[in-house]
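I opened a fresh page for this one. My plan is to look things up one at a time and jot down what I find.

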Number of protein chains: 2
Amino acid sequence: MPTIIDQAALEGMTREALEARDVETLRATLAAAHPADVADVIDRLDDDDKVVVFRMLDPAQATEVLDEAGWDATRELVSRLSATEIASLLNLMPMDDAAELLSEDVPERQQALLAAMRKADAEEVRDLLAYPARSAGRLMTERFVSVDPEMTVTAVLQLLRELDTEVETFSDLFALDAQRRLIGVIAIRDVLGAQPERLLSEILRPPSVTVEPETDQEIVARLVSQYDLLTLPVVNSTGHMLGIVTVDDVIDVLVQENTEDVLRFGAVESGNVPEAYFDVPVFQAVRRRVGWLMILFLTGTMTINVLGWFEEALAQVVALSFFIPLLIGTGGNTGAQTVSTMVRGIALGEIRLRDAGKVIMRELTSGLILGLLLSIAALGMALLLGNSIQLASVVAVSIIVVCTWANTMGAIVPLVVQRFGLDPALVSAPLITTLVDATGLAIYLLIARALLGL
Amino acid sequence: MPTIIDQAALEGMTREALEARDVETLRATLAAAHPADVADVIDRLDDDDKVVVFRMLDPAQATEVLDEAGWDATRELVSRLSATEIASLLNLMPMDDAAELLSEDVPERQQALLAAMRKADAEEVRDLLAYPARSAGRLMTERFVSVDPEMTVTAVLQLLRELDTEVETFSDLFALDAQRRLIGVIAIRDVLGAQPERLLSEILRPPSVTVEPETDQEIVARLVSQYDLLTLPVVNSTGHMLGIVTVDDVIDVLVQENTEDVLRFGAVESGNVPEAYFDVPVFQAVRRRVGWLMILFLTGTMTINVLGWFEEALAQVVALSFFIPLLIGTGGNTGAQTVSTMVRGIALGEIRLRDAGKVIMRELTSGLILGLLLSIAALGMALLLGNSIQLASVVAVSIIVVCTWANTMGAIVPLVVQRFGLDPALVSAPLITTLVDATGLAIYLLIARALLGL
């Protein structure tokens, strides 16, 4: 019984069999592996080998592998195989996954592949593609179990027995009226626990949460997580049921949003779908970083102006400049810490705009405390390095003010960004660091001028 | 039909009813709301009101609210109610959730509450508590549906009809042998689709993935996400089945790990369980930040030494110092970008240690390209500000070298940390920024000395 499947081992075996051209072993190895693992291995093979391995798979496995493979591998496979071959696999895929593949991985071949697909399936995919990217409509499947509330439990059990194998999930049944409006949800366990002759209308519960097809996937994920749902019905503005979002799609969304959060916090744009590290060509990776880097660089040039204003003071007390990197660095670190807690608190709905005053006071206070603690270290360090008590005091006082300032900025900037309807996750660690560089510098040199009488 | 439940509205109505002492309305409002929303409202009320509202709930709702409420609110409620009252709610809770509450929210009252609980339940909780924190054993529930492989489909359906309401999930049935060793999994849909007289042994599949109770929750989450599972069986080293982890617990883990990732990347320690923003007292928030800030501050003092070594050069060309914050800031930003992609790539298993060479070459290349692009801006900017072509060249060349260096460091540091068995997520944006500050400074001043002949 495999406890945890070892992908590295599978990769090794695959490569060995490929090298030895041992088709027998290769086929057996792949057939025994989970499609998700085969997809991971294919992601890591050379382009030619990707195709060789893919062609060894039976259609069911190939379909799942195509669904699970990375962006790069998917594109490669789709470009090497004929439209008919790919379309026959897309027909076997849950339609929400087919729509995702067509729109995100190979948009340029979308029309050709749709034309080669089975007509009913292609129609369904086109419906899904009409919804905005990253919406509930895109995530949902139209293959849910709909039932008539006037059915008996026995009739439902019979219906389930004969159900299309393409229905994705079984955990909940959805009772629709004659106009296909959603009137209730029945958990499969309630069906199994009920007397055979009871009517569904007697055991259904009104749906507690539904979303519209345009709802953003992040909200979908938050609802599923908040209410521990296995399925979330998607209903349009007239109450008609369009489909369900299943929990496995939500998990993918959470992993994807998580990646995006971390990248954004590092000031890296992610693609429409975050791809695996090696899937992004170097030039693409550069393109996703150079925008922010350039903005930050230009913002950072303010530091040159600030230093220019204080040229005289810096010339009089050369030692002043020695503490500049440390002071603004500490300010940046403090600000980055605050931003990470803010961005997360806002994303989870723990911090709302009307909490702004409370949040700012809180961060001002903790910045002050942190500044006081660090100022002790700063004072000791400056004296130890042989500086005058005057200069050491300037450094210590500056640390207190800079930490308080950086902490407060780290709270205010994400709130302002949110106030203007933008995503607070745009406020990255580098952004706050850069903002604190110029302002922290000015604070330090103003304090120096005041205390040293320059 | 509520599309999205408006928590702010529920909070407003609750507060109004509380103020007006309108018990009737309060009770009705709460009864109609989802326990997860009631928990969110309770989190935001004053301590006295928390208890008032909580006492209005019927036991089923109160149990769920207690489970869903934040750390702070849970502690407050548990401290205000008698052990008997709380224990009766714990008896109604899934035992994995009860164990989590007892160990993480109110460890100091664990023994008293266990003593007040129903004996069988307390026993089960004690079993769970014996597993390490954040392990599969802690997440799992012992209430899964176990079946004898020799049962017929009809017999299973009968069994399900009479099943304990405390069984958490229904999606998969687990076939155990006489020694309670796991021999197969049967999806409920396969049971419903099978002929009534068939034996389970004919339709069961061997379990594709299992974990041991000691497996870390992050691995559990990765497996559930990789293989789209609804349940994951937990099996000990002798093959005996202990319980299952359900997908709702995995979603909680993902949200929790996501919070931790962002906080860590901002160099903030999170608690054992990440609490909501306002749940962390200010002093506690300071305590979680001061450690890293102090380490970074002390590391940052290296910049003072570096500047000291180049004192003469800086005195000769005062304008050199004007570019210091911009140069090291840009290096820090570049490094932070790289670290964010690295940390994520490693966490998702896309980057492995044996890819180290490839990764380092890749980041060296993209750092070089980014540096070249920024150097054009740097050259123009330095000349525009009226600096000599010599000084402008020093700045431009330094930008190229510093970006390349910072990018490479951003790749190497997380790999080294992983190599030593530590979590690469420890490498935060502030850490890399601070490391780049001192080294970037040295690079800049060495280049200046060489090119300007100082």
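**Entry 1: the sheet in chain B.** In what order do the three strands of the open sheet in chain B come? I read it as S1-S2-S3, with mixed pairing. I then looked at the edges of this sheet in chain B, where strand S1 (146-147) and strand S3 (182-187) stand. Each has a single partner strand, so one side of each has no neighbour in the sheet. A note to self before going on: this is a predicted model.

**Entry 2: how S1 and S2 meet in chain B.** I checked the pairing of S1(B) with strand S2 (residues 172-176) of chain B, and the two run parallel, joined by two bridges. For a spot to click on, I picked B:Val147, which has B:Ala175 of S2(B) opposite.

**Entry 3: over to chain A.** I looked up the sheet here too, and found an open one of three strands, ordered S1-S2-S3 in chain A, with mixed pairing. Its edges are strand S1 (146-147) and strand S3 (182-187) of chain A; each of them has a single partner strand, so one side of each is left open in the sheet. S1(A) pairs with strand S2 (residues 172-176) of chain A in the parallel sense, over two bridges. Here I found A:Val147 opposite A:Ala175 in S2(A).

**Entry 4: laying one chain on the other.** What turn lays chain B on chain A? I got 180 degrees, with a shift of 0.1 Å along the axis and an RMSD of 0.1 Å. That is how a two-fold axis relates two copies. The contact surface fits this picture: the same surface serves both copies, and 100% of the contact residues of chain B recur in chain A.

**Entry 5: where the chains touch.** I looked up the contacts next, and 128 residues of chain B touch 129 residues of chain A. Together the two chains bury about 11500 Å², with 66% of it on carbon and sulfur atoms. Which three residues supply more of the area that chain B buries against chain A than any other three? They are B:Tyr277, B:Phe297 and B:Arg362, and they supply 8% of that area.

**Entry 6: charges and polar pairs across the interface.** I found eight salt bridges between chain B and chain A. One I zoomed in on joins B:Arg289 to A:Glu363, where the closest N and O atoms are 3.6 Å apart. I also noted 38 residue pairs in polar contact across this interface, both residues being at pLDDT 80 or more. Helix H20 (residues 324-347) of chain B gives the largest share of chain B's side of the interface, 15 residues. Sorted by class, that side of chain B has 72 nonpolar, 31 polar and 25 charged residues.

**Entry 7: a salt bridge inside chain A.** Over all chains, I have 41 salt bridges down for the structure. I went to the one between A:Glu76 and A:Arg80, with the closest N and O atoms 2.9 Å apart. How far apart do A:Glu76 and A:Arg80 sit in helix H6 (residues 71-80) of chain A? They are four residues apart, so about one helical turn separates them.

Definitions and conventions. Residues numbered from 1 in each chain as written. Chains lettered and ligands numbered in written order. Predicted model: local features only at pLDDT ≥ 70, side-chain atom pairs only at ≥ 80, totals over all residues. Heavy atoms only, no water. Pairing = 2+ DSSP bridges. Contact = heavy atoms within 4.5 Å. Buried area = accessible area lost by both parts, 1.4 Å probe. Salt bridge = Lys/Arg side-chain N within 4 Å of Asp/Glu carboxyl O. Polar contact = N/O pair within 3.5 Å; in protein donor to acceptor, adjacent residues only side chain to side chain. Nonpolar A, V, L, I, M, F, W, Y, C, P; charged D, E, K, R; others polar. Least-squares fit on C-alpha atoms with pLDDT ≥ 70 in both.
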